[in-house]
There are 2 protein chains.
Amino acid sequence: MGQKWKRTHHCGELRKEHAGKEVILVGWVANHRDLGGVIFISLRDRWGITQVVFDPSDHKEVAEKAGSLKLESVIGIRGKVNHRPSDMVNPNMNTGDIEIEGHELTIFNEAKTLPFLIRDESDASDELRLQYRYLDLRRPSIQKNIILRHQAAQIVRRFFDGEGFIEIETPFLMKSTPEGARDYLVPSRIHKGKFYALPQSPQTYKQILMVSGYDRYFQIVRCFRDEDLRADRQPEFTQIDVEMSFISEEDIYKVVEKLMVQLFSETIGVELHSPFPKIPYTEALARYGTDCPDLRFGMEIQDISHLVENSKFGVFRDTIASGGKVKAIHLEKSGPISRKQVDGLTEFVKTYGAKGLVVIQKEGDEVRSPVAKFLSKEEMQSILDSFHVADGDALFIVADIDAICSKSLGALRRKLAADWNHIPDNQFAPCWVVDFPLVEWDEEDKRFVAAHHPFTSPKKEDEDQIISDPDKVRARAYDLVLNGYEIAGGSIRIHQRQIQEKMFQALGIDPETAERKFGFLMEALQYGAPPHGGIAFGFDRLVMLLAGEASIREIIAFPKTTSAMSLMDGSPTKVSSRQLEELGLQLYDKKTFN
Amino acid sequence: MGQKWKRTHHCGELRKEHAGKEVILVGWVANHRDLGGVIFISLRDRWGITQVVFDPSDHKEVAEKAGSLKLESVIGIRGKVNHRPSDMVNPNMNTGDIEIEGHELTIFNEAKTLPFLIRDESDASDELRLQYRYLDLRRPSIQKNIILRHQAAQIVRRFFDGEGFIEIETPFLMKSTPEGARDYLVPSRIHKGKFYALPQSPQTYKQILMVSGYDRYFQIVRCFRDEDLRADRQPEFTQIDVEMSFISEEDIYKVVEKLMVQLFSETIGVELHSPFPKIPYTEALARYGTDCPDLRFGMEIQDISHLVENSKFGVFRDTIASGGKVKAIHLEKSGPISRKQVDGLTEFVKTYGAKGLVVIQKEGDEVRSPVAKFLSKEEMQSILDSFHVADGDALFIVADIDAICSKSLGALRRKLAADWNHIPDNQFAPCWVVDFPLVEWDEEDKRFVAAHHPFTSPKKEDEDQIISDPDKVRARAYDLVLNGYEIAGGSIRIHQRQIQEKMFQALGIDPETAERKFGFLMEALQYGAPPHGGIAFGFDRLVMLLAGEASIREIIAFPKTTSAMSLMDGSPTKVSSRQLEELGLQLYDKKTFN
């Protein structure tokens, strides 16, 4: 670029008061119309769109050149700012009061015919959009998201800096200690046959930093998990990572809530109210059927076992007799629910292990339900009363072991609220879920695994049960949940070697394995480790919620597909045999893979 | 931690005006003295050190407990702030006016006997310090560095944010396109036999972001190069990555210089003066023998060939006759240089390919040199005059092909300046080196390789020589050099496919290979690519210079050794055969490596 075409303004900048000014603008041809030889160009850059008019009666050659411009070509124009004729003023555009009378035009780069149009509501397939991500990234809605993400990152760092936290970079090439998810490995060339792992989180490093006395640490950092990607996950994701020394849970809550209030206010103008409610894990399961409750709407699960334990309906009676529960949720203003809808909802709860779904509908004085004839009038009335069921409402009942009641009704609760539009727009309902169990049973490995991670501190009062009854021990762990999404999770950590050893023992990790994997951390705990704890945010999900998007792919510049591929550059790819040789590696089955 | 031991102040906070206050402090036992039963503890945290006194006549049990504390244990104390007795006031400590009368003491974590003392001037070996990095990181000098790094990062991001740049995260799992350095590879489990690469830099992504219209991008981002580590390199390093659209070199210079002025002023109070001098590449080589000139001192290389081309000294005459040069540098106030010193310096220049070194010393009226007898009086005088050699000075002469004169005298210039203390302390002399060649000849591969990288734009006026005479083409590339270190490098990029194709052709990369490796970028250049350019800073080196350290290991929390190992956790390590199987990999020679 020479100085000649140095822009004087951005494309979102010019207003009435600039009228008469000679300007230079650069940008992309977003739109292009020929009205009887007069050429109208919508010139777009990151800041907005400005209309440029080329009139052949004034500048014949320039207008002809403009007339042949291709969409999305990159151009520069020189011209004069004019008021738009009053009938052409566009109040929906920042620059809608003016237009540029084009005098000169240069083409920096001509665009080929596009595979799809640059529009917010594109009908291009996801695959095509990811393949041409550089075009997809031009859509104004995604640009807005990427800029919002930038703003959120700046606010987060400014916040922690202001609170006395230090940003410290931790290694990406670290030790492989898979415990939970699978590591991405990186072969070492210098030490052939050995591998680094990419961090699933900087957990051990941030604890080490507390041992080193840094007291308050934070980092916005990429993490990696080689999992089978379901739904809305990415192999690499970004974490806001935080750790503090000499603190208890309340200190974490306070800092995090202050951050959340500031972040939501400064980015999207939403006022969150601190303190956030705290819900114990078992209560969250009982009331919402999940440890990620969406508090934007009610519809809490209620146990109605005591109302139907003696009923004539065998399924209810037998389930309760054999230790199960009968639980229900209430959908207000459901209107009549068709047989077909009931069938669909029944299929839905079956995917969560429920054997069936009982629906009770109230229409005027009538109560419609397949179980109506098995329940006494009093039983039915007591059920309706306990939910304050009104005309046009419905109840949904599952009878099963407690866990399945919770899971299926929890899922149904979200589905019904969404399908019936009972979730208020633009509302944000954060809460803490606390008092998690320390361990959970892993059916596949037939052993207890850490519910949070193996460095989580047990509650002091449960400490002596770690070995004898690990599943009865509560953890000093907490999750921050927003609108049904876990957006952050953390814990007070173990800072004493003997407790850490007990924890590994409870997890069935023998002392040699513990030493080989985490010896350096356990040793560090013997040289002056302060009490400490922390939290980590899923930054992608947080930004997704701020942006009001339904997928994290809309707030990541270069996301991968669910099969962990980048469609833009085609990675992962084969590499040269020389590269493999240098690493001392060969593919397991050359015939199959090479 | 219960509420009982919640600290009221940090260890660097208490002053005279707090006297009489009841306080709680927590921290590490940095020092420990027993003066006739009275125990003095230096309690340390990130913010400072406070003296705590336990007097057995007041609190017998507590004093006894304090007396048995081990160094670096983590404790909490409750007590009263007192003025120190006037003869005990320590003006070198922020808290030197006060001490705490200790009333209560708790031990959070007792430390074992340390492998080395936590002192700035530790005599522990580098290996031991890296193995116990968590202890090494407690040294006040390294804490200062880590905090300085944090501050620098915040200032850099705040600066770019303020200048309208957007921080955009780019992928770590990307396509392997080794061109220059070796990639770190990451095997894909889902696509067996295929690999991702860790980024050597986000170069292609940031160019794609310009094509996408983001206009101004920045990121502080980790990068990876699997090189044989010499000297002060790390396998992973941090880059300040910047890209701008619709700009020329001057726009980059302006933004970067503004950043540098602000960064140096706000972190270490040093005022840099913008604009920084610009030195063309060939001039840098001629005057300083390097493209990373240290401008803190003079001692420029001068060509004295024209003064000695007819001399009787055969080496000079013959070298010049066969196309070589005779060049020299001037060391002021060298004092007498011994035969042994001359031998050492001669060995030094020989490592840079020089065949020998001629020294001329002026002592009073006498000129001492082994070549004195071969040069005429006029010749000798003209040499001395051209350097204004004074009594007690020395000249160092190399006769060789130009490249070796430059290399050896450039290195000797730095060495002499350092050895003779001619480099002023706390001085920062930045400059731009510009007009780099586009390509350089690779002796090993017998082909031209990109001097900067293959996306660097040639100068417009040299464009038509790309294919015919690539080595004559100058690049639109620039390096920012500070005190002899390259701290940033960048270029205006190619934004037109046909030029990019020519560039690959000049580099001997055939069209299929170019397409396979960089097809996505070349295609992107066809859909509306703006003129753009950028720069990338080596953040580690920049912080090292700010901190006044000689090694980047002093400003990285968890550095690796020169053989790319982490001594703290022992990585890289072997991984389980299950992990390898899942990746479809086997080690090349099981016997050797497993």
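User: In this predicted model, what makes Arg414(B) count as lying over the face of Tyr485(B)?

Analyst: Start with the distance: Arg414(B) is at 5.8 Å from the ring centre of Tyr485(B). The cut-off for a charge over a ring is within 6 Å of the centre, and within 35 degrees of the ring normal. The distance fits, and Arg414(B) is listed as lying over the face of Tyr485(B).

User: Where does the charged end of Lys415(A) sit?

Analyst: Over the ring of Phe348(A), 5.3 Å from its centre. Set that against the limit of within 6 Å, and the distance passes here too.

User: OK, rings with rings now. How many aromatic pairs does the structure hold?

Analyst: Over all chains, there are 48. One of them joins Tyr253(B) and Tyr478(B), with 5.5 Å centre to centre and 85° between the planes.

User: Why is the pair of Tyr253(B) and Tyr478(B) called edge-to-face?

Analyst: Two checks. Centres have to lie within 6.5 Å, and planes over 60 degrees apart count as edge-to-face. With 5.5 Å and 85°, Tyr253(B) and Tyr478(B) meet both, so edge-to-face is the right label.

User: Which parts does that pair tie together?

Analyst: Tyr253(B) belongs to helix α6 (residues 249–268) of chain B and Tyr478(B) to strand β20 (residues 477–482) of chain B, so the pair links parts that are 225 residues apart in sequence.

User: And how do you know whether Tyr253(B) is buried or exposed?

Analyst: Buried means under 20% relative accessible area. Tyr253(B) has 7%, so buried it is. Tyr478(B) is at 0%, so it counts as buried as well.

User: What about Phe348(B) and Tyr352(B): why is that pair tilted?

Analyst: Their ring centres are 5.3 Å apart, with the planes at 55°. Stacked needs under 30 degrees and edge-to-face needs over 60, so 55° leaves tilted. Tyr352(B) has a relative accessible area of 31%. That lies between 20% and 50%, so Tyr352(B) is called partly exposed.

User: Which residues do ring pairs link into a cluster?

Analyst: Phe116(A), Tyr132(A), Tyr134(A) and Tyr527(B).

User: Why is strand β9 of chain B described as largely enclosed?

Analyst: Count its residues: 9 of the 9 in β9(B) (residues 216–224) are buried, so the rest of the structure largely encloses the strand. Arg216(B), Phe218(B), Ile220(B), Arg222(B) and Phe224(B) point one way, while Tyr217(B), Gln219(B), Val221(B) and Cys223(B) point the other, and all are buried.

User: What makes β9(B) and β10(B) a strand pair?

Analyst: Pairing takes at least two bridges. β9(B) and β10(B) (residues 236–245) have 9, in the antiparallel sense, so they qualify. One example is Phe218(B), whose bridge partner in β10(B) is Val242(B). β9(B) also pairs with β6(B) (residues 166–167), this time in the parallel sense over 2 bridges. There, Ile166(B) stands opposite Tyr217(B).

User: Why are β12 and β15 of chain B called edge strands?

Analyst: They belong to an open sheet of 5 strands, ordered β12-β13-β16-β14-β15 (chain B), with antiparallel pairing. Each of β12 (302–303) and β15 (366–368) pairs on one side only, and that is what the name refers to. Helix α9 (residues 314–321) of chain B packs on this sheet, touching β13 (325–331), β14 and β16 of chain B.

User: What sheet does chain A offer?

Analyst: A closed barrel of 5 strands, running β1-β2-β3-β5-β4, with mixed pairing. Its neighbouring strands are turned by 50° against each other on average, direction ignored.

Methods
Residues are numbered from 1 along each chain as its sequence is written. Chains are lettered from A and ligands numbered from 1 in the order in which they are written. This is a predicted model: local features need pLDDT of at least 70, side-chain atom pairs count only at pLDDT 80 or more; totals for chains, interfaces and linings use all residues. Side-chain values use heavy atoms; hydrogens and water are left out. Buried means under 20% relative accessible area, exposed over 50%, partly exposed in between (1.4 Å probe, protein chains only). Helices (H or I, at least four residues) and strands (E, at least two) are DSSP runs, numbered from the N terminus. Axes are lines fitted to C-alpha atoms, for helices over the stretch in contact, and angles run from 0 to 180 degrees between N-to-C directions. Rings of Phe, Tyr and Trp (its six-membered ring) pair if their centres lie within 6.5 Å; planes under 30 degrees apart count as stacked, over 60 as edge-to-face and the rest as tilted. Contact means heavy atoms within 4.5 Å.
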